[in-house]
Amino acid sequence: MKKDIHPKYVECQVTCSCGNKFKTGSTEATLHVEICSACHPFYSGKQKFVDTGGRVERFQRKYGIKKS
């Protein structure tokens, strides 16, 4: 690798919108993310709808999906 062209790799504090915090390595000192492994449906096993302006209800009406 060429010297002095790569950014510094530092320990990073990641904060999720669900409140989960963890440390990892990155070129940034802090990161704010919307979804992480603690709140992602694939990892948590729970499905969570994020409704923006009634889009979920409109989709459910259009395709006949009923609420459980």
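The following dialogue examines how several features of this predicted model are classified.

Visitor: Why are β2, β1 and β3 described as an open sheet with mixed pairing, and which strands lie at the edges?

Guide: The three strands are arranged in the order β2-β1-β3, with mixed pairing. The edge strands are β2 and β3 (30-33), since each pairs on one side only. From one strand to the next, the twist averages 30°.

Visitor: How do you know that β1 and β2 are paired?

Guide: Pairing requires at least two bridges between the strands. Six bridges join β1 to β2, so the two strands qualify as a pair. The direction of β1 and β2 is antiparallel, and within this arrangement V14 stands opposite F22 in β2.

Visitor: What makes K23 and E11 a salt bridge?

Guide: The criterion is a side-chain nitrogen of Lys or Arg within 4 Å of a carboxyl oxygen of Asp or Glu. The closest N and O atoms of K23 and E11 are 3.4 Å apart, and the pair therefore meets that criterion. K23 belongs to strand β2 and E11 to strand β1, twelve residues apart, so that the pair links distant parts of the chain. By this rule the count comes to one salt bridge.

Visitor: Why are K23 and E11 each called exposed?

Guide: The term exposed applies over 50% relative accessible area. K23 has a relative accessibility of 55%, and E11 has 58%. Both values therefore fall in the exposed class.

Visitor: Why is the aromatic pair of F59 and Y63 called tilted?

Guide: Ring centres must lie within 6.5 Å, and planes under 30 degrees apart count as stacked, over 60 as edge-to-face and the rest as tilted. A search of the whole structure finds one aromatic pair. In that pair, F59 and Y63 are 4.8 Å apart centre to centre, with 45° between the planes. The centres thus satisfy the distance limit, and the angle places the pair in the tilted class.

Visitor: Where do F59 and Y63 lie with respect to one another in helix α2?

Guide: Because F59 and Y63 are four residues apart in helix α2 (residues 55-63), about one helical turn separates them. F59 is partly exposed at 45% relative accessible area, whereas Y63 is exposed at 52%.

Visitor: How do you know that C16 is not bonded to C36?

Guide: A disulfide is a covalent bond between the sulfur atoms of two cysteines. The cut-off for the sulfur atoms is 2.5 Å. The closest cysteine sulfur to that of C16 is in C36, at 3.5 Å, which is too far for a bond. A search of the whole structure finds zero disulfides.

Visitor: Which classes of accessibility do C12, C16 and C18 receive?

Guide: Buried means under 20% relative accessible area. C12, at 1%, is therefore buried, and C16, at 4%, is buried as well. C18 has 40% relative accessibility and counts as partly exposed.

Visitor: What does C18 touch beyond residues up to four places away in sequence?

Guide: C18, in the loop between β1 and β2 (21-26), touches C36 and C39. The C-alpha atoms of C18 and V33 are separated by 9.2 Å, although these residues are 15 apart along the chain.

Visitor: What makes the phi of D4 notable?

Guide: D4 has a positive phi of about 65° although it is not a glycine. D4 lies in the segment before β1 (10-16). With a relative accessible area of 82%, over the 50% limit, D4 is therefore classed as exposed.

Conventions
Residues numbered from 1 in each chain as written. Predicted model: local features only at pLDDT ≥ 70, side-chain atom pairs only at ≥ 80, totals over all residues. Heavy atoms only, no water. Buried < 20%, exposed > 50% of the residue type's maximum accessible area, 1.4 Å probe, protein only. Contact = heavy atoms within 4.5 Å. Phe/Tyr/Trp six-rings, centres within 6.5 Å; stacked < 30°, edge-to-face > 60°. Axes fitted to C-alpha atoms, helices over the stretch in contact; angles between N-to-C directions.
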